[in-house]
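Please look over the sequence and the structure below. The report then goes through a pocket, two groups of strands and several loop residues.

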Amino acid sequence: MLTFLAKTPLIMYYLRFIVFLGTVLCGFSSKAQQTYPEMAIRLDTLKNLQDGPLNIFMTEADQIWGTDNSMPDSILWKWEMQRERANCPKLPDALYILTRRQHDTLTVSLLRRCNPLLDLDKEINLSYLIDSLKKWTKENVPGSAIPRITINYPYCINNKVIKVPLEFYLMPIKNKNLTFYDNRLNQMPLFISYEKTRIAEFSNAHLYFSKQKYSSPDSIGLNIKIIENGAFHQNKIIKNVCYKDEYKIGDTFSVSSKLYRIDSIDHNWQYAYLHRLKDSLQPIQLSPNSLKILAPYFKNPSNQLVVDFWGTWCNPCIEKLPALKALHNQTRDKFNFLSICVDKPERTDKAKDIFLKNKIEWPQVFADMSKYKNTIIGELDITHYPTYMIINKKGEIIFSGYGTDGFNTLQELILSK
């Protein structure tokens, strides 16, 4: 559902164009033809926590032993693995980890007596100096200090109990982004990362494979992040290539200016299989009908349109409006601008007020965020704000990016014209 925040001729046609755009955004892979044999790249486990973007989660304290509000003597942590156990009643309700303080040492243990329904091959005991733990974070902990743990954990899959290798890290270290409600827990914290993870060196990049949901096939829920030249790929389109925060099986990606498709990963997670594609890509080309609809909006010499996706709830979006206005004032003779506000319907007036306060002259339209899948935002898969796009009169997406980096690239591109 879209609401107009400014009167603009033929705006309905433009919105139809944007919806169509969602079907072609990042769809260039269908134009890239396979020209090389399949290749296999070896997948390795992480040698250090810093090697990959691990997601770290808080655990729940089931019991705390201690006499005051300072560092407790022991904590039994409860890590709930799966909530749907109705058809498999004999499954353990959680994984229990015991941390114990003895003088200057902390022990982190996975014990049979704490997990009677879990058939542990061996008990796990990790020992640390408390003074060291106070200094360690994920960013500086020594590589060998936090080992990867693998156990066979029973899951309820298709109403059957099936044991699956569960990989995780137990981290009794500080985390500046996570704080427990009970200060005793902050004195002796325990965090967990339970993704199945692998990393592969590829050209001048690293491909990082991760999956959290163990009860589904590997092709479902598998995320691939790419670190190239020391930086993660981010959602953007530039030079006809679509980059993403996260890739899936079947996606196309670019590394060292060469194109590849991610075909599959073997069931043992030892190899990923890729195909090299043609290096040259045809621009993302819209249909003749869409070009005809878009034509009235390209009145300036460069025949290019800048689109801004924002929301009244997004402080970075509002903070960037003065800079976007300044960019518009510098380039208004060459570019047309359009803003699309993604928000709740009751905030339409607020969106208008923000534009009036900032004296924004270009038109904007409203997209109901509660109906995400049925709006242009869902069609375009916009998940970061603000997002900026440049579209030319040929129907080619010249650029798409988000945040400060996206704005800086947008500014560089249109000021160079």
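The second largest pocket is lined by 21 residues. Those nearest its centre are Glu228, His233, Lys236, Ile238 and Tyr243. A pocket here is an open set of points on a 1 Å grid over the protein atoms alone, where a 1.4 Å probe fits and protein lies on both sides within 12 Å along at least five of seven lines; lining residues have an atom within 4 Å of a point. The pocket volume is about 490 Å³, taken as the space filled by probe spheres set on the points, which are joined across faces, edges and corners.

This is a predicted model: local features need pLDDT of at least 70, side-chain atom pairs count only at pLDDT 80 or more, and totals for chains, interfaces and linings use all residues. Residues are numbered from 1 along each chain as its sequence is written, and side-chain values use heavy atoms, with hydrogens and water left out.

Five elements each supply at least two residues of this pocket's lining: strands E15 (231-232), E16 (236-238), E17 (241-243) and E25 (397-402), and helix H8 (403-415). Helices (H or I, at least four residues) and strands (E, at least two) are DSSP runs, numbered from the N terminus. The lining has seven nonpolar, ten polar and four charged residues. Nonpolar covers Ala, Val, Leu, Ile, Met, Phe, Trp, Tyr, Cys and Pro; charged covers Asp, Glu, Lys and Arg; the others, Gly among them, are polar.

The protein has eight helices and 25 strands. Of its 417 residues, 48% count as buried. Buried means under 20% relative accessible area, exposed over 50%, and partly exposed in between (1.4 Å probe, protein chains only).

Next come the strands. E4-E5-E6-E7-E8 is the order of an open sheet of five strands with antiparallel pairing. Strands E4 (60-65) and E8 (124-129) are at the edges with a single partner strand each, so one side of each has no neighbour in the sheet. On average, neighbouring strands of this sheet are turned by 20° against each other, direction ignored; strand axes are lines fitted to C-alpha atoms, and angles run from 0 to 180 degrees between N-to-C directions. Five bridges link E4 to strand E5 (residues 74-79), and strands pair if DSSP finds at least two bridges between them. Ile64 stands opposite Ile75 in E5.

Strand E7 (residues 105-110) holds Thr107. Thr107 is buried at 13% relative accessible area. Beyond its neighbours within four places in sequence, its contacts (heavy atoms within 4.5 Å) include Leu98, Arg100 and Leu126.

Strand E9 (residues 149-157) is largely enclosed by the rest of the structure, because seven of its nine residues are buried. E9 runs antiparallel to strand E10 (residues 160-171), joined by nine bridges. Tyr153 has Val164 in E10 as its bridge partner. The two strands form a hairpin with two residues between them.

Three residues with positive phi are listed here.

| Residue | Phi | Place |
|---|---|---|
| Asn158 | about 55° | turn of the E9 and E10 hairpin |
| Asn229 | about 55° | loop between strand E14 (223-228) and E15 |
| Trp269 | about 55° | loop between strand E19 (258-265) and strand E20 (271-277) |

Is Trp269 buried or exposed? Trp269 is buried, at 1% relative accessible area. Asn229 counts as exposed, at 63%.

Two prolines remain. A cis peptide bond joins Tyr385 and Pro386, with omega about -5°. Pro345 is partly exposed at 44% relative accessibility, and is in contact with Phe366 and Asp368 when neighbours within four places in sequence are left aside.
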